[in-house]
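Visitor: Before we look, I would like to ask how each label you use follows from the values behind it. Please show me the structure, and then we can take the labels in turn.

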Amino acid sequence: MTTRSPILIVGSVAFDDLELPSGTFKDTVGGSATYAAFAASTFSEVRVVAVVGDDFPQDVLAVMETRGIVTKGIERVSGKTFRWAGRYDADLASRTTLDTQLNVFADFKPKIREEQRGTPLVLLGNIHPTLQSDVLDAMSGPDLVVADTMNFWITGESEKLGKLLARAHVLIINDEEARQLSGIHNIRRAAADICKRGPHTLIVKRGEHGALLFDETGIFAVPGYPLEEVVDPTGAGDSFAGGFIGYLATHLGRGAKLQPAERARLMRTAMLYGTATASRCVEGVGTSRIQTLVSGDVDARVAQIRSLFELP
Ligand code: AMP
């Protein structure tokens, strides 16, 4: 019997304005929790903890529910939903944040419902590290805690982030953030330094170039899949995290205690699935592709990525 453990995901649910080379898309539904939840729901039940304003459409929550995403934990409060606007360069390799309006997200205090406390896998999206720690305080000892963060918290809240890191099993950040967090330029030495602070596994995302994994058994790399057309990179990082934890949810049961070698293999395979899920996300604008993803799409992309380094 396949294990399908539920996953709790905390993060932002947003409206995004996207300026892409192909055109401008206003009021698209986005947010770190949204992308991660759509991605992870391809694998298992997802419970989202987030906040939206009274302007957020009910039918988007209904779409989530049809994918096995439990939206009871998405609190609706009076005011406007978080908004983000970004502009991409012509090659889609870099983007500029044009606007961030926290709105109801400014006072977000994640509330963990009684029935969510025992969720075995937790993905802490990029929110204030103290709020990430509060979520863990409210839970009854999850088996796996995967955390994301960003430069804003690394430079502004390093002490609080340090406390959170001591409780995280896996940290997923990009190479620039790994350098910032450790103060070390060499990525391998930076990773060793970060892993001493708590997480047994560090994943360093390198955009279209793929991702590196560091743990006590060594280093592992998964290349990005070179797509013929990237439509919109928004949410790739969050979809990576969702696909990563989603795969793990199909292999980790409650109270799972893994030996390092077994854990190393599982984390590496999950990284392949995270990469495949992220590369599917960027095939469409906003969440259009990720919200219709099925496991066959991910498996097919995993096979394509594997074929990149198989000799004929
Ligand atoms: P990614 O492309 O993986 O970095 O994710 C982009 C998503 O993150 C967008 O849908 C935004 O709404 C959301 N986002 C951008 N900035 C923030 C922020 N400061 N806090 C939370 N979510 C954010």
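Visitor: What makes the pair formed by an oxygen atom of the ligand and a polar backbone atom of Gly31 a polar contact?
Guide: In this predicted model, the oxygen atom of the ligand and the polar backbone atom of Gly31 are 2.7 Å apart. A polar contact requires N or O atoms within 3.5 Å, so the pair at Gly31 qualifies. A polar backbone atom of Gly235 is likewise 2.7 Å from a ligand oxygen, while at Asp16 a polar side-chain atom lies 2.5 Å from an oxygen atom of the ligand. Around these contacts, the protein covers 84% of the 500 Å² of accessible area that the ligand has on its own.

Visitor: Which elements give two or more residues to the shell around the ligand?
Guide: They are strand S2 (14-20), helix H1 (32-40), strand S7 (82-88) and helix H8 (236-249), and H8 gives the most, with three residues. In total, 17 residues surround the ligand, with Ser12, Asp16, Gly31, Gly235 and Asp238 the closest; by class, the shell has six nonpolar, eight polar and three charged residues.

Visitor: Why is the pairing of Arg83 and Asp27 called a salt bridge?
Guide: Their side chains meet at 2.1 Å, N to O, and because the cut-off for a side-chain nitrogen of Arg and a carboxyl oxygen of Asp is 4 Å, the pair counts as a salt bridge. Arg83 sits in strand S7 and Asp27 in strand S3 (residues 23-30), so that the bridge links distant parts of the chain, 56 residues apart. By this rule the count comes to 18 salt bridges.

Visitor: What makes a space in the structure a cavity rather than a pocket?
Guide: A cavity is a set of points where a 1.4 Å probe fits but cannot get out, whereas a pocket is an open set. The structure holds one cavity of 30 Å³ or more, and the largest cavity has a volume of about 50 Å³.

Visitor: Which residues line the largest cavity?
Guide: Among them are Ile9, Val10, Ser32, Leu123, Asp148 and Asp238. Strand S1 (7-10), H1, strand S9 (121-124) and H8 each give two or more residues to this lining, and H1 gives the most, with three. By class, the lining has seven nonpolar, two polar and two charged residues.

Definitions and conventions. Residues are numbered from 1 along each chain as its sequence is written. This is a predicted model: local features need pLDDT of at least 70, side-chain atom pairs count only at pLDDT 80 or more; totals for chains, interfaces and linings use all residues. Side-chain values use heavy atoms; hydrogens and water are left out. A residue is near a molecule or strand if one of its heavy atoms lies within 4 Å of it. A polar contact is a pair of N or O atoms within 3.5 Å; within protein, one must be able to donate a hydrogen and the other to accept it, and residues adjacent in sequence count only if both atoms are side-chain atoms. Accessible areas come from the Shrake-Rupley method with a 1.4 Å probe; for residues, only the protein chains shown count as cover. Helices (H or I, at least four residues) and strands (E, at least two) are DSSP runs, numbered from the N terminus. Ala, Val, Leu, Ile, Met, Phe, Trp, Tyr, Cys and Pro count as nonpolar, Asp, Glu, Lys and Arg as charged, and the others, Gly among them, as polar. On a 1 Å grid over the protein atoms alone, a cavity is a set of points where a 1.4 Å probe fits but cannot get out, and a pocket is an open set with protein on both sides within 12 Å along at least five of seven lines; lining residues have an atom within 4 Å of a point. Grid points are joined across faces, edges and corners, and a volume is the space filled by probe spheres set on the points.
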